[in-house]
Amino acid sequence: LNPVTPRTKKSVKFNNDVAVRPIPSRHSYSPRVKARLYTAPRELAASAVRNAVEFNYEGCSYRNVVEENGMYVCVESGELIHPAHVHKILK
């Protein structure tokens, strides 16, 4: 901080004119809707492991993230594949 510059008090203000929208209980959704809204525990765990592998490959730094143009492309599906998984197979 520059000692010559006076501090300005920061604040947050909320608008009094709001729209209230009810959020349905998770119990009110059909199985089809639940499957689209929520991730199954096994799928969530697999994603966490995959993310950890990719983050480790990137040196545990968001600055080294592999962008889309640095990914491999699956010839069958067109899906992007993180280099961490390709390097693991090639070892």
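Here are legends for six close-up views of this structure, which is a predicted model.

**View 1. Helix α2, from end to end.**
Let's start with helix α2, which runs over residues 41–57. This helix has 17 residues, and from its first C-alpha to its last it reaches 24 Å. That's close to the 24 Å expected at 1.5 Å a residue. After α2 comes G59, a residue whose phi is positive, near 75°. C60 has a positive phi too, of about 55°, although C60 is not a glycine. You'll find C60 in the loop between α2 and β1. Is C60 buried, exposed or partly exposed? Its relative accessibility is 46%, so C60 counts as partly exposed.

**View 2. A salt bridge inside helix α2.**
How many salt bridges does the structure hold? Just 1. The partners are R50 and E54, and their closest N and O atoms are 3.9 Å apart. A salt bridge needs that nitrogen and oxygen to lie within 4 Å, and 3.9 Å is the distance for this pair. Both residues sit in helix α2, 4 residues apart, which is about one turn of the helix. Now check how much of each partner is accessible. R50 is partly exposed, with a relative accessible area of 39%. E54, on the other hand, counts as buried because its relative accessibility is 16%, and the cut-off for buried is under 20%.

**View 3. Where helix α2 meets helix α3.**
Here you're looking at two helices crossing: α2 (residues 41–57) and α3 (residues 83–90). Their axes come within 9 Å and cross at roughly 85°. Angles from 65 to 115 degrees count as roughly perpendicular, so that's the word for how α2 lies relative to α3. Which residues do the touching? From α2 it's R50, V53, E54 and Y57, and from α3 it's P83, A84, H85 and H87. Sort the residues of this contact by class and you get 4 nonpolar, 2 polar and 2 charged. The salt-bridge partners from the previous view, R50 and E54, show up again here on the α2 side.

**View 4. The buried and exposed residues of helix α3.**
Stay with helix α3 and pick out its buried residues: P83, A84, H85 and V86. What do they pack against? The answer is α2, β1 and β2. Now hop along to I89, which is also found in helix α3. With a relative accessibility of 68%, I89 counts as exposed. For a sense of distance, take I89 and S25, which are 64 residues apart along the chain. Their C-alpha atoms are separated by 44 Å.

**View 5. V66, a buried residue in a loop.**
Not every buried residue belongs to a helix: V66 has its place in the loop between α2 and β1 (72–73). Why does V66 count as buried? Because its relative accessibility is 18%, and buried means under 20%. Leaving out residues up to four places away in sequence, V66 touches Y57, E58, M71, H82 and P83. Two of those names may ring a bell, since Y57 and P83 also take part in the contact of α2 with α3. Look at H82 as well: V66 and H82 are 16 residues apart along the chain, with their C-alpha atoms separated by 7.5 Å.

**View 6. E79, an exposed residue between two strands.**
Last stop: E79, found in the loop between β1 and β2 (80–81). Is E79 buried or exposed? It counts as exposed, because its relative accessibility is 52% and the cut-off for exposed is over 50%. Set aside its neighbours within four places in sequence, and E79 is in contact with Y72, V73 and C74. K10 is another story: E79 and K10 are 69 residues apart along the chain, and 46 Å separates their C-alpha atoms.

Definitions and conventions. Residues are numbered from 1 along each chain as its sequence is written. This is a predicted model: local features need pLDDT of at least 70, side-chain atom pairs count only at pLDDT 80 or more; totals for chains, interfaces and linings use all residues. Side-chain values use heavy atoms; hydrogens and water are left out. Axes are lines fitted to C-alpha atoms, for helices over the stretch in contact, and angles run from 0 to 180 degrees between N-to-C directions. Angles under 35 degrees count as roughly parallel, over 145 as roughly antiparallel, 65 to 115 as roughly perpendicular and the rest as oblique. Contact means heavy atoms within 4.5 Å. Ala, Val, Leu, Ile, Met, Phe, Trp, Tyr, Cys and Pro count as nonpolar, Asp, Glu, Lys and Arg as charged, and the others, Gly among them, as polar. Buried means under 20% relative accessible area, exposed over 50%, partly exposed in between (1.4 Å probe, protein chains only). The expected span of a helix is 1.5 Å times one less than its number of residues. A salt bridge is a side-chain nitrogen of Lys or Arg within 4 Å of a carboxyl oxygen of Asp or Glu.
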